[in-house]
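I opened this entry to keep track of what I looked up, beginning with how far each part can be trusted and then moving to single residues.

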Amino acid sequence: MLTATLGRVRGRLTYAGWGFADQAMSSLSNFGVGLVAVRSSSAEEYGAFSVAFATSVIGIGVARALVSDVYSVRFAGGGPRSRVAAPLDTSMSGGADAEVEWLEAEDALHPGMTDDPLMAIDFGDDADADETSGYPHASGAWGSALVLALIASLVCLVVGLLSTGPLHASMLVLAFGMPLLVLQD
């Protein structure tokens, strides 16, 4: 019992350590980019860079909040192909099927609606999943992130076309780079 508890604590600390290291490296690289930009540009050029950089950070943050965090919480089970039991029934074991539990709870709230195909929630089918990736719902996350990135790119393109000077070039570059930045994140 104690070794299992210590193993879980060690696993969580390792996971937290990797998260901390990732954030530290991201912050340090952003700081370095800012230093290089401020040392190699005029005040007007640095202002345009700052607007484009802030826009990219906000766009990536919005996509992360609306897409990747949602998928991270929903599919945060032990392995890439596992499903987490939703917190509807605390008596279910950790290996319980969340889809079955969800449908039972949904049927209890709205009897007969789970038979309606328009009201059904698609949890994906592991049989149709790409066996090489191990993440059957990744295509949904990529698609959602791409739609958000294209909307942000369109906004950046309009702002870039309507502006002049260094902001014009910065926003046009960001308009074409935003989908790549969001999908990479």
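**Confidence.** I began with the spread of confidence in the protein chain, where helix 3 (residues 98-109) is lowest with a mean pLDDT of 65 and helix 5 is highest at 90. This is a predicted model, and I noted that the protein chain averages a pLDDT of 74, with 62% of the residues scoring at least 70. I then marked two stretches to read with caution: residues 78-89 stay under 50 in pLDDT, although the model gives them 32 contacts beyond four places in sequence. Residues 118-133 are likewise below 50, and for this stretch I found 19 contacts beyond near neighbours in sequence.

**Overall make-up.** I looked up the secondary structure next and found five helices and zero strands in the protein chain, so that the order from the N terminus reads α-α-α-α-α. Of the 185 residues, 18% count as buried, and the chain exposes about 12800 Å², of which carbon and sulfur atoms supply 68%. When I took the contacts between residues at least 6 apart in sequence, 54% of them turned out to join residues at least 24 apart.

**Ser 163.** Which helices does the loop holding Ser 163 lie between? I placed Ser 163 in the loop between helix 4 (138-162) and helix 5 (166-184). Ser 163 counts as buried because its relative accessibility is 14%, which falls under the 20% cut-off. I then followed its side chain in two directions: it reaches the backbone oxygen of Gly 160 at 3.3 Å, while a polar atom of the Ser 163 side chain lies 3.4 Å from the backbone nitrogen of His 168.

**Leu 183.** I turned to Leu 183, which lies in helix 5. Is Leu 183 buried or partly exposed? With a relative accessible area of 23%, Leu 183 is partly exposed, because the partly exposed class runs from the 20% limit for buried up to the 50% limit for exposed. Setting aside neighbours within four places in sequence, I listed Trp 142, Ala 145 and Leu 146 as the residues that Leu 183 contacts. For Leu 146 I also noted the C-alpha separation from Leu 183, which is 6.7 Å although the two are 37 residues apart along the chain.

**Nonpolar patch.** My last look was at the surface, where Val 147, Ile 151, Val 155 and Val 159 make a nonpolar patch of about 330 Å². I checked one of these residues against the helix assignments, and Val 155 has its place in helix 4.

Note on methods: Residues numbered from 1 in each chain as written. Predicted model: local features only at pLDDT ≥ 70, side-chain atom pairs only at ≥ 80, totals over all residues. Heavy atoms only, no water. Helix = DSSP H or I, 4+ residues; strand = E, 2+ residues; numbered from the N terminus. Buried < 20%, exposed > 50% of the residue type's maximum accessible area, 1.4 Å probe, protein only. Polar contact = N/O pair within 3.5 Å; in protein donor to acceptor, adjacent residues only side chain to side chain. pLDDT = per-residue confidence, 0-100. Contact = heavy atoms within 4.5 Å. Areas by Shrake-Rupley, 256 points an atom, 1.4 Å probe, with all protein chains shown as cover. Patch = residues over 30% accessible without salt bridge, like charges linked within 9 Å, V, L, I, M, F, W, Y side chains within 5 Å. Salt bridge = Lys/Arg side-chain N within 4 Å of Asp/Glu carboxyl O.
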